[in-house]
Amino acid sequence: RPLDEGEAVSSLRSVVPPALSLGHVMQKVQNQLEKVRGKRDLLEEVWELRLIQLEQCLHFRDFENQINQAMGWFHGPADAFLSEKTPVGTSREEAEAYMMQHIEFEGEANQYFDRLSKLQQRGDTLIDENQFAVAEMNHKLQLTENVYRSFKKRIAMRGQRLALSAKFHSVAEQIGVKLDELLAGCSDDVIAYDAESAQHLLERFKVGVEEVDDMLDHMHGIGEGLMELLQPEKTEGSLRESQRRHFGDLFR
């Protein structure tokens, strides 16, 4: 049967909870707001830490990329040049031509050496300021130091070989000119018309021979130094044995 008015009110009261006071409602709202603010503060704190880590990661990856670019030049074009361009010349002209190539290459190499030096300084700064990938960064810095030292040595040694080769052949040319002069003098000054002239010719020839001997000693010293630099264990890359035999034959 349909409920009368009294029964309907009683039934509604049994389903709907009693009304909350305004103060109680406001307290619940305040509690919710505080919980949300707390989570928001925690999120900001976590994000700030994450932002620092991301910035450190970005700096490291940028540093790593620049290191790889510089190392790529050393392990690529630089290594190929030093390994393939090993001849030191069989004449003064050849040696000087190789030296010009070497000077041009050395100028380019110095630019990359400067880049490595700056990157090493930057890497040290990043390690002091950051906590991200410190072990990897130390490893990269050690690799750059090894490459720096290795290629500095290889380039310097190649320059020394070329300089000695040019000097060696230059002295050889000077000796050849002096010997030609002495031989020409022997042919032209066969007859002396008096004792004084004969003595003068003898003295001049003796001085000329002494000059040639001194130049030969000088040439021998240069050749010995060059031969030492051409020893297989002292060279980087391949160097044909015929190169060493050539210089050995020249001053034997």
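Reader: Hi! Before we dig in, when do two rings pair here?
Author: Rings of Phe, Tyr and Trp (its six-membered ring) pair if their centres lie within 6.5 Å; planes under 30 degrees apart are called stacked, over 60 edge-to-face, and the rest tilted.

Reader: Great, and what kind of model is this?
Author: It is a predicted model, where local features need pLDDT of at least 70, side-chain atom pairs count only at pLDDT 80 or more, and totals for chains, interfaces and linings use all residues. Residues are numbered from 1 along each chain as its sequence is written, and side-chain values use heavy atoms, with hydrogens and water left out.

Reader: So how many aromatic pairs come out of that rule?
Author: The count is eight aromatic pairs. One of them joins tryptophan 73 and phenylalanine 74: edge-to-face, 5.1 Å centre to centre, with 85 degrees between the planes.

Reader: Nice. Is tryptophan 73 buried or exposed?
Author: Tryptophan 73 is buried, at a relative accessible area of 8%. Buried means under 20%, exposed over 50%, and partly exposed in between, using a 1.4 Å probe and protein chains only. Phenylalanine 74 is buried too, at 0%.

Reader: And why is the pair of tryptophan 73 and phenylalanine 105 called stacked?
Author: Because the planes of tryptophan 73 and phenylalanine 105 are at 20 degrees, with the ring centres 5.9 Å apart. Tryptophan 73 is in helix α2 (residues 22-84) and phenylalanine 105 in helix α3 (residues 92-129), so this pair ties together parts that are 32 residues apart in sequence. Phenylalanine 105 is buried as well, with a relative accessible area of 6%.

Reader: What else does tryptophan 73 contact, leaving aside neighbours within four places in sequence?
Author: Tryptophan 73 is in contact with Ala78, Phe105, Glu108, Ala109 and Tyr112. Contact here means heavy atoms within 4.5 Å.

Reader: Which residues do the ring pairs link into a cluster?
Author: The cluster is made of Trp73, Phe74, Phe81, Phe105, Tyr112, Phe113, Tyr148 and Phe151.

Reader: I like cation-ring geometry. Which charge sits over the ring of phenylalanine 151?
Author: That is the charged end of arginine 154, 5.0 Å from the ring centre. Lysine 152 lies over the face of phenylalanine 113, 4.6 Å from that centre. The test asks for NZ of Lys or CZ of Arg within 6 Å of the ring centre and within 35 degrees of the ring normal.

Reader: Switching topic: how many helices and strands are there?
Author: The chain has six helices and zero strands. Both are DSSP runs numbered from the N terminus: helices are H or I with at least four residues, strands E with at least two.

Reader: And how many residues are in the largest nonpolar core?
Author: It has 24 residues, and Phe63, Trp73, Phe74, Phe105 and Phe151 have the most contacts inside it. Helices α2, α3 and α4 (134-188) each supply at least two of its residues, and α2 gives the largest share, 10 residues. Such a core is a set of buried Ala, Val, Leu, Ile, Met, Phe, Trp, Tyr and Cys residues joined through side-chain atoms within 4.5 Å.

Reader: What about glutamine 120, where is that found?
Author: Glutamine 120 is in helix α3 and counts as buried, at 14% relative accessibility. Not counting residues up to four places away in sequence, glutamine 120 touches Leu141, Thr144 and Glu145.

Reader: Last one: what share of the chain is buried?
Author: Buried residues make up 27% of the 252 residues.
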